[in-house]
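Notebook open, coffee poured. Today I want to look at charged pairs first and the nonpolar interior after that.

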Amino acid sequence: MYLVSLGGNDMIWLCLLACNKNKDDTSSKEIPYEPVFLESGAPIVGMAEGLLDFPIGSPMGGYSNRCGYLGGASKIDRRQSAYVEAFIPSVGIQTSAKGKALWLEAGNQHTVLLKADVIYSFDKLVEDVALEIEDALEWESGSLEGQVSITASHTHHGPGNFSDQIHFYLGGDRYNEESYRRFRDSLVNIALEAYNTREEAAIGVSIHKDWDSEDLVYRDRRPENDDLEVWDDVDPGYGKDPYLWMLRVDKKDGTPMGMWFNFGIHGTLLGQ
């Protein structure tokens with residue numbers, strides 16, 4: 001993705017070009033989407049989790065004050081690493097990053113939800129993971145298109161040089177092919193383990209509002225913007241996301257298989 005700054009005159013020309021179009025031109029008309037109807041059937045679910053294979057020495061994603069180009073420096077450790085170019089390398093592992101997979105099959109469709117303890121995800125990773133899973137299962141290419149999701153915890157304590165998106169470089173150093181492949185393969189292996197453990201299951205989903213009304217888990221930690229008016233129809237200030245959603249999966253006999261939860265937060269635990 002490239003961001004282009006347009007001046008006022010540039011925008012006018014673009015608008016005129018957009019209007020100057022042959023009425024008979026049908027090249028931009030979208031092809032109607034053919035819906036795929038879900039066949040009835042008991043939900044089949046598999047869940048798995050595992051460690052993400054990142055090398056020691058990787059830069060920590062999101063720690064831009066550890067970037068030499070931005071004035072960051074380490075007074076504690078200046079060792080070299082093959083996995084960094086402009087960032088200070090990590091020097092060890094206290095807690096390895098983890099990944100989790102939920103494979104849901106219902107009737108004729110599959111959904112694969114992957115969660116990784118990293119700073120971000122991006123489209124190429126999603127596409128490559130789907131292709132690798134299809135290849136491992138000997139499925140037709142494109143079978144999982146649009147059916148794989150990868151979410152990130154947005155931790156700043158995990159590696160960040162696995163993205164080839166240039167706008168992420170200031171947050172995670174330059175792209176490293178080895179780090180990317182090791183990360184991708186870790187997610188694929190966790191997803192395949194979830195696939196191989198599938199069985200009929202019961203699924204429950206719930207949504208809770210104001211579940212942390214006393215701010216015991218998280219809060220709006222930036223009062224400087226409380227008076228900022230963002231939208232005309234919304235009171236000033238951002239506030240915190242009041243919603244928590246939970247998904248629980250049980251075996252047919254009621255034995256818990258796993259649980260997923262989500263709430264909006266930009267977590268901070270330590271200082272710089």
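Before starting, I wrote down the cut-offs for accessibility: a residue is buried under 20% relative accessible area, exposed over 50%, and partly exposed in between. I also reminded myself that this is a predicted model.

**Entry 1: Glu178 and its partners.** I looked up Glu178 and found a relative accessibility of 36%, so I filed this residue as partly exposed. Its salt-bridge partner is Arg182, with the closest N and O atoms 2.7 Å apart. I put Arg182 down as partly exposed too, at 23%. The two residues sit 4 apart in helix 4, so about one helical turn separates them. The pair has company: Asp53 joins Glu178 and Arg182 in a network of salt bridges.

**Entry 2: another pair in helix 4.** I moved on to Glu177 and Arg181, whose side chains meet in a salt bridge at 2.6 Å, N to O. Both belong to helix 4, which spans residues 177-196, and they are 4 residues apart, about one turn. I noted 45% relative accessible area for Arg181, which makes it partly exposed. Glu177 has 35% and is likewise partly exposed.

**Entry 3: a pair in helix 2.** Next I checked Lys124, which bridges to Asp128 with the closest N and O atoms 2.7 Å apart. These residues lie 4 apart in helix 2 (residues 123-137), about one helical turn. Is Asp128 buried or exposed? At 16% relative accessibility, Asp128 counts as buried, whereas Lys124 is partly exposed at 31%. For the record, I tallied 9 salt bridges in the structure. A general reminder to myself: side chains of opposite charge can pair when their charged atoms come close.

**Entry 4: the nonpolar interior.** I then turned to the largest nonpolar core, which has 31 residues; Leu52, Leu114, Val129, Ile133, Phe183 and Leu187 touch the most other members. Strand 2 (98-106), strand 3 (109-116), helix 2, strand 4 (148-152) and helix 4 each give two or more residues to this core. Which element gives the most to this core? Helix 4 does, with 9 residues.

**Entry 5: Val129 up close.** I listed the contacts of Val129, setting aside neighbours within four places in sequence: Leu114, Val148, Ile150, Arg184, Leu187 and Val188. I also found a second, separate core of 7 residues, with Leu102, Ala201, Leu247 and Trp260 among them. One more general note: in soluble globular proteins, nonpolar side chains tend to be buried together.

Conventions: Residues are numbered from 1 along each chain as its sequence is written. This is a predicted model: local features need pLDDT of at least 70, side-chain atom pairs count only at pLDDT 80 or more; totals for chains, interfaces and linings use all residues. Side-chain values use heavy atoms; hydrogens and water are left out. A salt bridge is a side-chain nitrogen of Lys or Arg within 4 Å of a carboxyl oxygen of Asp or Glu. Buried means under 20% relative accessible area, exposed over 50%, partly exposed in between (1.4 Å probe, protein chains only). A nonpolar core is a set of buried Ala, Val, Leu, Ile, Met, Phe, Trp, Tyr and Cys residues joined through side-chain atoms within 4.5 Å. Contact means heavy atoms within 4.5 Å.
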